[in-house]
Amino acid sequence: MNLSNDVENMQFVVFSLNNQLYSLSVKEVVEILRVPKITNVPGIPHLIKGVINLRGSIITIINLHERFQLPQPESDKKNRVFIVQGDNENIGFIVDEVKMVTKFDVEETEPPFGIKIDKDLFVGFAKLDGEVIGILNIEKVLYNEHLAG
Amino acid sequence: MKDFDMSAYLGVYLDEADEQIQILDTEILLLENEPTNMGIIQNIFRAAHTLKGSSASMGFEKMKELTHNLENVFDQIRNSELTVTSDLINVIFSTIDQIKVLKEAIVEGKLDEIDISSSIETLNNYKNGKAKPTEQKAIPSKSEDTLHVELDIYQKNIVRQGLTLGHSALEVTVKLHQEAMMKNVRALLIHNNLKEAGEVVASFPSIETLESEEDFNGEMTFIVLTMVVKREVFDIINQIPDIKHVNINEITEGNIDKKFVDDEVLEAPPTAISTQEQSTQANVPQKAKVNATVRVDVEKLEYLMNLVGELVIDQTRLVDVRTRLTEKDSRQEDDIEILDEITSHISRVTSELQEGMMKTRMLPIEQLFNRFPRMVRDTAMKANKEIKFNMHGKETELDRTLIEEISDPIIHLLRNAIDHGIETPEERELAGKPKVGKVELLAAHEENHIVIKISDDGKGIDPEKIKSIAIKKGTLSEEEAKEMTDKDAMFLIFKSGVSTAKKVTDISGRGVGMDIVKTHIEKLNGIIDIDSVIGEGTTFTIKLPLTLAIIRSLLVKFGEQTFAIPLVNVLEIIRLNKKDIQMIKDKEFGLVRGRVLPLVRMKEKLGIENCEEDHLKKKEFVIVVGMADKRIGIIADRTLGNQEIVIKSLGKYIGSPPYIAGATIMGDGSVALILEISSIVRDEGTQSQLNIEKQQQLEMTKDRQFVTFKLEDEEYGFDIEETKDIVSVPSMTKVVNAPKDVLGLINLRGTMLPVVDLRSRLNIKQKEVTKKSRIIVTEGKQQDIGFLVDEVTQVLKIQDDLIELPPVMNEKKNRKLIKGITKLDDRVITLINCNKLLYDEDFIDSTSTA
């Protein structure tokens with residue numbers, strides 16, 4: 001993935017998890033909705049929170065906090081579900097808060113620092129108003145750990 | 001004609017091929033019995049012809065050739081040039097098998113790897129007279145024709161390949177009348193016809209030119225690779241009107257490379273031709289992508305369309321009501337009424353739509369059944385059995401996915417019936433049975449299920465034999481075998497490794513098949529049952545849900561969560577007293593009507609937390625589910641009733657969590673999970689030997705049940721085995737000169753029943769009949785007799801060892817009357833021997849002295 005090319009023409013949705021900022025390109029986000037009732041499915045990996053009904057289809061919701069090894073937050077009115085395109089199916093995850101949709105300045109983005117975990121999860125980092133925003137590699141986020149476990 | 005993308009039509013082609021192959025199979029079976037029936041021969045000819053035509057249009061040359069040869073054979077039969085012999089029938093069957101192989105090869109894109117030359121040769125051997133096959137072998141002819149067109153290397157290669165494969169290569173030059181209309185259309189028709197006869201390697205001018213050029217002069221040359229002789233090619237071309245002249249030259253190894261005489265024929269640029277050729281070559285797909293197609297009755301579609309139309313109307317009405325509701329001065333009551341009407345209409349239409357939609361997925365089982373006669377015939381021949389095979393209920397419709405899935409189990413059961421079930425003709429005669437065995441296949445609708453029965457009149461299943469085999473194989477211990485009922489023993493055949501066949505044949509007998517049958521049926525949420533009488537035959541009954549996509553299910557609550565259990569699997573719902581649940585080792589068992597039922601605490605299994613009140617409950621909801629031959633009880637917190645649900649997959653990401661078959665969406669939009677009964681049952685199946693033994697012990701110390709009732713202040717009980725009915729007191733007809741205990745006769749559902757006052761019988765002072773008074777009807781040896789009691793209290797379960805013998809101090813005659821006494825909490829219940837009440841000589845004494 002060519003980072004600068006991507007950043008140049010793309011808008012990004014910025015959201016927060018545990019007060020840290022992350023982002024995904026709008027291209028990757030199918031839709032964003034309020035948190036509906038999530039049905040637990042017994043016997044599934046703890047990475048998966050459960051399933052929801054989205055206009056008649058069953059969609060898996062993964063637990064991104066668990067994935068990033070962040071503490072589980074209290075549920076809040078600002079919580080939203082991101083639906084993203086997975087491998088032949090849509091997959092959702094809950095974020096603490098959607099911050100904004102924005103463009104990043106190419107000059108202000110950097111490739112991953114080279115730490116292994118970062119490399120796996122992030123395409124790069126952008127700086128915006130003095131804050132560092134991680135640009136997620138959604139495929140890796142969804143499937144790396146999943147396949148390993 | 002341009003070779004456009006044929007893959008879109010592949011599904012349709014395969015469907016049609018299936019259909020025609022099916023017809024061939026059935027008709028040829030019929031032909032075997034009636035070798036001279038012209039109608040049947042015509043049908044076969046037509047089927048072969050249709051198949052040939054469609055294969056040719058799809059460009060499946062091999063298929064086309066084979067069917068073409070088959071068609072030829074039947075053409076000769078039709079013209080009485082060939083007689084039908086059983087030998088020929090076998091050859092035809094093997095040809096049809098080859099056709100099936102080809103069909104599969106088309107699906108897998110491996111058409112190139114199949115060699116059909118031997119099949120064609122055998123077929124050709126049956127063709128008499130004209131010795132076409134030898135003529136088709138391209139032996140370089142002595143007088144070589146001069147060719148008019150020049151082939152490029154690519155085309156030459158194809159021609160050479162064709163020649164080595166035994167095709168003849170022809171150069172066909174056709175000239176149309178000068179005044180003919182639409183010359184290019186005619187040219188295309190000729191091209192198409194030639195394509196049916198063989199492969200058109202090249203055409204001059206090119207097809208593209210033929211198609212587009214207005215000023216086409218009516219002369220064209222085709223290079224054709226074909227199995228057909230020249231004469232026939234002439235005929236084929238002459239079907240088209242306005243042909244002035246046809247000239248056919250044979251291309252051979254000898255003249256292919258010669259410097260061609262350049263004629264007046266227009267020569268198209270060879271590059272264009274070769275690209276076109278390549279596209280036909282590419283048409284032989286690597287791996288054909290087949291989209292499953294369904295043929296749906298137009299009427300059904302119309303019906304669905306109408307329903308959709310009604311939904312659209314409802315939708316506009318809804319919009320209408322919505323606007324009116326937003327208006328300030330709207331009359332809300334009216335609008336709500338309309339809304340009411342619309343919602344009920346929508347729900348009606350949707351349910352009809354759902355049903356209609358389901359019906360489009362339904363196919364008559366005929367499709368599947370028609371495959372069987374052939375298979376039965378072959379199997380019977382292999383096994384040296386004589387069999388009459390009957391099928392009923394071909395028109396029964398079921399979901400197309402089910403049809404595919406159920407095929408294997410049925411085939412297996414049929415093979416079993418033929419191989420193990422039906423005896424050899426000699427054995428049958430010895431047993432005094434007709435020589436020809438009967439195998440029957442039946443399909444029918446039964447409520448919400450499809451029932452498929454496979455029965456034979458063979459030797460039946462011997463439970464003892466199965467038990468001994470199972471013991472030998474180590475799947476059963478001797479003690480277990482003793483305790484086992486015959487029925488349970490029969491179900492052992494579903495266990496892997498248990499086969500009753502004395503020797504393994506290639507038809508069956510390895511003892512793995514039945515295992516597969518069962519798992520297959522379980523996968524489809526079905527149930528299989530066996531009925532067998534030794535010496536008379538065996539019947540397998542398969543019960544399947546109508547469809548896999550939508551099922552009726554029982555909704556239950558485990559804690560806060562709702563789960564659905566497919567209703568096919570639910571046998572009954574009972575409430576078990578906590579005290580009827582016993583622990584054996586670490587497992588719970590319930591006693592239901594004297595039988596031990598393994599219980600599953602689904603909440604624990606699924607890891608759902610228990611509620612506080614759980615321990616306070618006196619009774620548990622137990623849902624008895626069955627899968628094939630096994631029964632288990634699932635403990636649920638609450639049942640919510642049954643509902644039709646649409647099965648949805650949980651998606652790949654989650655995979656398949658244990659005990660969960662899928663998910664569905666409830667009316668309120670929440671997601672409910674569907675339990676996978678088969679895996680839960682399978683889990684329970686692996687209990688230890690110890691458990692089974694203890695289970696049996698439990699079953700031995702059987703409870704006895706008593707109907708308890710009150711007389712004055714005392715409680716008494718009748719054994720439930722002896723009582724038939726409890727009725728309230730109707731009007732009673734006095735009987736003249738009757739013994740004083742007999743109150744009179746009542747009319748109980750048409751029979752006269754004498755009623756005895758139990759008070760006076762037991763020497764308790766008489767009392768008026770009250771609202772609570774009941775008559776307990778007991779079964780007597782000669783006649784049923786009713787006893788009038790003050791009040792029926794309950795049906796009581798008492799373990800045998802809790803019943804004490806009556807005290808001795810009692811009077812002699814009463815002692816006989818009293819079976820025993822039991823203490824229950826602070827109640828003392830006297831258990832009365834009903835029979836003694838009726839037939840005790842004292843009773844007779846008392847009545848006579850009265």
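This short presentation covers a predicted model, with the contact of chain A with chain B, a helix pair and one annotated histidine.

Good morning, colleagues. I shall begin with the two chains. In this predicted model, 19 residues of chain A are in contact with 20 residues of chain B. On the chain A side, two elements give two or more residues each, namely β4 (48-54) and β5 (57-62) of chain A. Of these, β4(A) provides the largest share, with 4 residues. As for the chemical classes, the side of chain A that touches chain B comprises 8 nonpolar, 8 polar and 3 charged residues.

I now turn to chain B and a pair of its helices. Helix α13, residues 298-326 of chain B, packs with helix α14, residues 332-360 of chain B, at an angle of about 160°, and their axes are 9 Å apart. Because that angle is over 145 degrees, α13(B) counts as roughly antiparallel to α14(B). The crossing in which α13(B) passes α14(B) is left-handed. The residues of this contact of α13(B) with α14(B) comprise 14 nonpolar, 3 polar and 8 charged.

Finally, let me address a single residue. The unreviewed UniProt entry carries the annotation "modified residue: Phosphohistidine", which covers His49(B). In the model, His49(B) is located in helix α2, residues 38-58 of chain B. Is His49(B) buried or exposed? There are 17 other C-beta atoms within 10 Å of His49(B). A buried residue would need 20 or more, and an exposed one 12 or fewer, so His49(B) is classed as partly exposed.

Thank you for your attention.

Technical notes:
Residues numbered from 1 in each chain as written. Chains lettered and ligands numbered in written order. Predicted model: local features only at pLDDT ≥ 70, side-chain atom pairs only at ≥ 80, totals over all residues. Contact = placed C-beta atoms within 7 Å. Nonpolar A, V, L, I, M, F, W, Y, C, P; charged D, E, K, R; others polar. Axes fitted to C-alpha atoms, helices over the stretch in contact; angles between N-to-C directions. Parallel < 35°, antiparallel > 145°, perpendicular 65-115°, else oblique. Left-handed = near helix turned anticlockwise from the far one by under 90°. UniProt positions renumbered as here; feature names shortened; annotations may be inferred.
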